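Work through the exercises below with the sequence and the coordinates open side by side. Each task is followed by a solution that proceeds step by step.

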Amino acid sequence: MRILEIIRSKEFKASRAWGAKDIANMNGITTRLHWTDQPYKWHINDGEEVFVVLDGVVEMQYRIDGKEETTILQTGDIFYASVGTEHVAHPQGEARILVVETAGSV
């Protein structure tokens, strides 16, 4: 049983884009640390999503009422996607991202 863990997010690097370190699963809500240097894919999560840029810069594209929007997320910025929000993340170089979402979500 793990009592505590210190995670140095700037030191984390996965073997592939969007590889993740599982941090916690609290009643079906997961917290995962992702490393990537490649875009994800357009998707809609099964539930709400909190996306926190811990290191790097990410261009987040999203659709509202069929209209595509974009914003630049810097280190420390948080993107919240409600249920049904279609979105895709495009890192600008390497990025480390903390994602909180329903377990097994896309």
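**Exercise 1: a glycine in a loop**

Gly84 is partly exposed, with a relative accessible area of 45%. The model in which this value was computed is a predicted one.

Task: state where Gly84 is placed in the order of elements, and find how far its C-alpha atom is from that of Gly47.

Solution. Begin with the class: because partly exposed covers the range between 20% and 50% relative accessible area, the 45% of Gly84 puts this residue in that class. Next, locate the residue, which sits in the loop that runs between β6 (78-81) and β7. Finally, take the pair of C-alpha atoms: Gly84 and Gly47 are 37 residues apart along the chain, and their C-alpha atoms are separated by 7.8 Å.

**Exercise 2: phi of Trp18 and Asn27**

Task: determine the sign of phi for Trp18 and for Asn27, and then decide whether each residue is buried or exposed.

Solution. As background, most residues other than glycine have a negative phi. Trp18, in the segment before β1, has a phi near 65°, which is a positive value in a residue other than glycine. Asn27, in the loop between β1 and β2, likewise has a positive phi, near 55°. For the accessibility step, the cut-offs are under 20% for buried and over 50% for exposed; Trp18 is therefore buried, at a relative accessible area of 13%, whereas Asn27 is exposed, at 84%.

**Exercise 3: the largest pocket**

Task: describe the largest pocket by its volume, its lining residues, the elements that contribute to the lining and the classes of those residues.

Solution. Start from the volume, since about 180 Å³ of space lies in the largest pocket. The lining is made up of 14 residues, and those closest to the centre of the pocket are Trp18, His34, Tyr40, Glu101 and Val106. Two or more residues of the lining come from each of β2 (29-36), β3 (49-55), β7 (86-91) and β8 (95-102). Sorted by class, the lining holds six nonpolar, five polar and three charged residues. Trp18, the residue with the positive phi in the previous exercise, is thus among those closest to the centre of this pocket.

**Exercise 4: a nonpolar surface patch**

Task: which residues form a nonpolar patch on the surface, and what is their accessible area together?

Solution. The patch consists of Ile3, Leu4 and Ile6, which together have about 400 Å² of accessible area. To place one of these residues, note that Ile6 is found in the segment before β1 (19-26). As a last step, Ile6 is classed as exposed because its relative accessible area is 58%, and the cut-off for that class is over 50%.

How values were computed. Residues are numbered from 1 along each chain as its sequence is written. This is a predicted model: local features need pLDDT of at least 70, side-chain atom pairs count only at pLDDT 80 or more; totals for chains, interfaces and linings use all residues. Side-chain values use heavy atoms; hydrogens and water are left out. On a 1 Å grid over the protein atoms alone, a cavity is a set of points where a 1.4 Å probe fits but cannot get out, and a pocket is an open set with protein on both sides within 12 Å along at least five of seven lines; lining residues have an atom within 4 Å of a point. Grid points are joined across faces, edges and corners, and a volume is the space filled by probe spheres set on the points. Helices (H or I, at least four residues) and strands (E, at least two) are DSSP runs, numbered from the N terminus. Ala, Val, Leu, Ile, Met, Phe, Trp, Tyr, Cys and Pro count as nonpolar, Asp, Glu, Lys and Arg as charged, and the others, Gly among them, as polar. Patches are made of residues with over 30% relative accessible area and no salt bridge: like charges are joined within 9 Å, nonpolar side chains (Val, Leu, Ile, Met, Phe, Trp, Tyr) within 5 Å. Accessible areas come from the Shrake-Rupley method with a 1.4 Å probe; for residues, only the protein chains shown count as cover. A salt bridge is a side-chain nitrogen of Lys or Arg within 4 Å of a carboxyl oxygen of Asp or Glu. Buried means under 20% relative accessible area, exposed over 50%, partly exposed in between (1.4 Å probe, protein chains only).
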